Amino acid sequence: MTHDTSALMPAVRTEIKLAEENFLTDDFLRQLINVGEVDILIGVPTHNNAKTIGAIVQAIQGGILRWFPRERAVIINPDGGSRDGTPELVTGISIDDLRPVSNLHALRTLHCVSTLYGNGPSSAVALRTILAAAELLRAKACIVMSPESSHTEGDWVSKLLLPIRKDGFDLVTPTYRRHKFDGLLVTNLLYPMIRALYGLRIREPYMQEFGFSGGLAGEFLLQDVWNDGTNGRGIELRFALSAITGRQRICQSFLGQKDHVERHAADLVPALRETVGPLFSGLESTLRTWSNVTGSQPISTIGPDHEVLLNPVRVNRKRLKEMFSSGVAELAGVFQAILSPATLAELQRIAGLEEGNFCYPAELWVKTVYEFAASYQKSVISRDHIIQALAPLFRGRALTFLLENRNGTAEDVESNIEGLCLEFERLKPYLLQLWKSRE
Amino acid sequence: MPLNQDVLWYKDAIIYQVHVRTFYDSNGDGIGDFQGLEQKLGYLQELGVNAIWLMPFFPSPLRDDGYDIADYNAVHSGYGTLEDFRKVLESAHNRGIRVIIEMVLNHTSDQHPWFQESRSSRDNPRRDWYVWSETDERYQATRIIFLDTEKSNWAWDPISKAYYWHRFFSHQPDLNYDNPAVREQMWKVMSFWLEMGVDGFRLDAVPYLVEREGTNCENLPETHEILKDIRRRLDEQFPGRMLLAEANQWPADLRPYFAEGNEFHMAFHFPLMPRMFMGLKLEDRKPITEILQQTPEIPASCQWSLFLRNHDELTLEMVTDMERDYMYDSYAENKTMRLNLGIRRRLAPLLDNDRRRIELMNGMLMSLPGTPIIYYGDEIGMGDNINLGDRNGVRTPMQWSGGWNAGFSEAEPDRLYAPLIQNPVYGYPAVNVLSQLGSEHSLLRWMQRIIMVRASSAVFGRGSIEFLRPANHRILAYVRRLGNEAVLAVNNLSSAAQAVELDLKKYKGNILIEMSGKNMFPRVGDQPYLLTLGPYQFYWFRLRRI
């Protein structure tokens, strides 16, 4: 007796695939069923944010009440295993608590759903949870809010959502009022390089607060980014890059002041992994897109595209210089595999300069970055080592930015950033040349 | 069928609101009359209602649909005679239907002889029966109710060269309740009808009886004292009769109208009605549960009176500005539909003639705590005519059949007191009693059944309410309890099918029996009770231990 199992096989395969994709818990699903279809969804990923989360959720609720009183809304809180009661704070805040202070009255039930996704923070799992919820609830517009900002205002909700709800944008990136020395990785690498690559002047491509359409959420959810071995690093940047390369409608919206966050030297490599890693890794698959782009265009911007705070801050320039110089010396072998001899020689030359005379010129920095990108694509050494090796060089570039803008006005700072961007654009053929020569 | 002798009869009542003029014309003059109403009492009995509320039928210039009374002790000649009214009363009682009539205490028509005397001379004995003033500056803190037509609560009387006070139209001068003679006279008026046998009064515009400087002239203690005095006399001389308050106020302000059970027996729950519509449109129970949470407890002998629509606009006075804007945008996008602070539309058009929503709203009306009032014609899904002025668009002739004048009158069509609804959707050929009686699945037949189900249990009229709070906010669920009887009502406010888990632990061991089809549902256990409901579906379950 023989059995024809061929008809059964596809079903079995489908079952396994579906089982693999069941990353939402039953309890979370049950909560989503209760929420039902929504118009807007606000994702607030958390991990031990008890100090700030209460005010942020209240600001969000206030924003919903003020700007979207008629919309069906839900706050989704994926939590990475907080031990400080963060989820309880999120779900415990009642919209009615706002009434005495704001005189706002909710027409509708505002659901606040919290779900535990693991025992440690993962922005990728958190975002995936938010996107999945958005798809299941058929949200028309969504935002993700940082759980850390002490400046979050209710109107951030409208600033990120209205362009989607009213104007049909798919992605709303933020712009902020920042200190001139905040976000150096953004101003010296991410913004100018993404601008040169894809031709869009997106000031904050590494987004912590951002808005997106339900359609974009659904598309990104289906992409093969969740189990590709990157552990979801830099998922927010990948999300933005996906929108950029997918030719989605993108705008940016000025939110207001962004917190200054004290960074430690040890924070840099993880930050590079989160940002430069996905930026470089995306180059290969999007070659056809970026290789045809020349110059750049501004994108729709609601409010100013940046604002600069100039108050004096203390920076340990000497240490930056030391870390740059020692890095160039200690990693010479690694750099030989990554950089061209001319670039390496120039780096070694400037590493010997006194701090007072130090300058890591824009052209050299751009070539450095492009050569790193090309080497990353070819995996001349471990890709993670390539990213790590960029850290001391970035410190050198940061030092130059600090020195150049020490006494600079807002206009001076912007002029320098613009100059660097133009340098990235001007030298883009160099990147293409490297790329082709290494193919 | 004898009348139920229980003095709390109004708690079990299902009231049908009707204007004699609109219901049935027996003599072919184009105007409904008492003889016509009497002929149609069988229809109301078959519908299942056990009380009717008659809108003003007194002699009147009819500038406010009879709320401008010119003689309190007679019947408008167009509607018949006092004898005709007596016959209606008797016939209704014989059918087990009580009769509640309108009583406008606050004001009269300016054509009433009392006002004519009052304005005739400052020395007239009835001068002080109304509120006169040399200036229009008094009581400035008082709001104007008919914003669309009135600019002030004072009107200049060129005859007596003074201002008189009016809270409604300027042709409706307010009586002066500070005058004991007025209070005495109005009790005499009420006694006149009570002695004839009416079962209760719907007292119109009761918050406004007394004026005091520096106040908003609403809900004043002096007003409550007057109303308590009326109640005291009623209980002493006519026990078992009922007073229903029309006080369009917030729940906290409404509560005093029940006092300690010694003022009104019933009061309309005005704030609930718009929130039922709001909850339906929002697909969210929040507006409904919120207002009911804010509704204070009332004495055991008292009762809320619930309604979906009535002869007035769907009032939006008792909502916030934001809620009002939402209601306008949701239910009256066409500004012609708006009047004062409300929406002048009937139930079916408000709900887009969606049978499921009409049933759901009636289901909630019948199962929330209170006595339901059905506005004439809504039981068949009658439409409205927003092109008629004021609120006349919701006061068109009852549609009895698809024949001549909708079976309402044998008069020439242009003699009818108001044009019939003619449009293809709601016109009388499409929507009428006769055709719906012929169809088991018509709205009318459904209304008969739901009324019968409601009447099968006193829990709806007298039971307590406990809201369940399932996480699914589209589901409005509550348990009504009276003694050992418990009924679970579950309403899906959503246009989509919903699953809901109900916490029924308290009722563990009970089985659920759906009250309409009498079908059993599984026994309540330890786990949340899972129900699925279709779009706008609702269930009433009797909870039974077997």
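Helices (H or I, at least four residues) and strands (E, at least two) are DSSP runs, numbered from the N terminus. The model is predicted: local features need pLDDT of at least 70 and side-chain atom pairs count only at pLDDT 80 or more, while totals for chains, interfaces and linings use all residues. Residues are numbered from 1 along each chain as its sequence is written, and chains are lettered from A and ligands numbered from 1 in the order in which they are written.

**Exercise 1. Place two residues**

Task: Find which element holds B:Thr223, and work out why B:Thr223 counts as buried.

Solution. Start with the element: B:Thr223 belongs to helix H7 of chain B, residues 221–237. Next comes the cut-off: a residue is buried if 20 or more other C-beta atoms lie within 10 Å of its own, exposed if 12 or fewer, and partly exposed in between, with C-beta atoms placed from the backbone. B:Thr223 has 23 C-beta neighbours inside 10 Å, so it counts as buried. Then look at its contacts, where two residues are in contact if their C-beta atoms, placed from the backbone, lie within 7 Å. Not counting residues up to four places away in sequence, B:Thr223 touches B:Pro207, B:Leu209 and B:Val210. Its C-alpha atom is separated by 8.2 Å from that of B:Tyr177, a residue 46 places away along the chain.

Task: Now do the same for B:Asp71: is it buried, partly exposed or exposed?

Solution. B:Asp71 sits in the loop between strand S2 (51–54) and helix H4 (82–94) of chain B. Because 17 other C-beta atoms lie within 10 Å, B:Asp71 is partly exposed. Its contacts, leaving aside neighbours within four places in sequence, are with B:Phe58 and B:Pro59. From B:Asp71 to B:Ser120 there are 49 residues in sequence and 18 Å in space, C-alpha to C-alpha.

**Exercise 2. Trace a six-stranded sheet**

Task: Give the strand order of the open sheet of 6 strands in chain B, and say which strands stand at its edges.

Solution. The order is S15-S16-S17-S22-S19-S20, and the pairing is antiparallel. Two strands pair if DSSP finds at least two bridges between them. At the edges are S15 (464–468) and S20 of chain B; each has a single partner strand, so one side of each is left without a neighbour in the sheet.

Now walk through some of the pairs:

- S17 (residues 485–492) of chain B is joined to S22(B) by 5 bridges, running antiparallel; there, B:Val490 has B:Tyr539 as its bridge partner.
- S19 (residues 510–514) and S22 (residues 538–545), both of chain B, also pair in the antiparallel sense over 5 bridges, with B:Asn510 opposite B:Arg545.
- S19(B) and S20 (residues 520–521) of chain B run antiparallel and share 2 bridges, with B:Ile513 opposite B:Met520.

The hairpin of S19(B) and S20(B) has 5 residues between the strands, and in it B:Lys518 takes a positive phi near 65°.

**Exercise 3. See how two domains meet**

Task: Which domains does the assignment give for chain B, and what does domain 1 bring to its contact with domain 3?

Solution. Domain bounds come from an automatic or database domain assignment. For chain B it gives domain 1 (9–106 + 179–455), domain 2 (113–165) and domain 3 (464–545). The C-alpha centres of domains 1 and 3 of chain B lie 30 Å apart, and 17 residues of domain 1 are in contact with 18 residues of domain 3. On the domain 1 side, the elements that give two or more residues are helices H9 (272–282), H10 (286–293), H13 (355–367) and H15 (443–455) of chain B. H13(B) gives the most, with 6 residues. By class, this side has 6 nonpolar, 4 polar and 7 charged residues; here Ala, Val, Leu, Ile, Met, Phe, Trp, Tyr, Cys and Pro count as nonpolar, Asp, Glu, Lys and Arg as charged, and the others, Gly among them, as polar.

Task: Which residues of H10(B) are buried, and what covers them?

Solution. The buried residues are B:Lys286, B:Pro287, B:Ile288, B:Ile291 and B:Leu292. Their cover includes helix H8 (251–254), H9 and strand S16 (475–482) of chain B.
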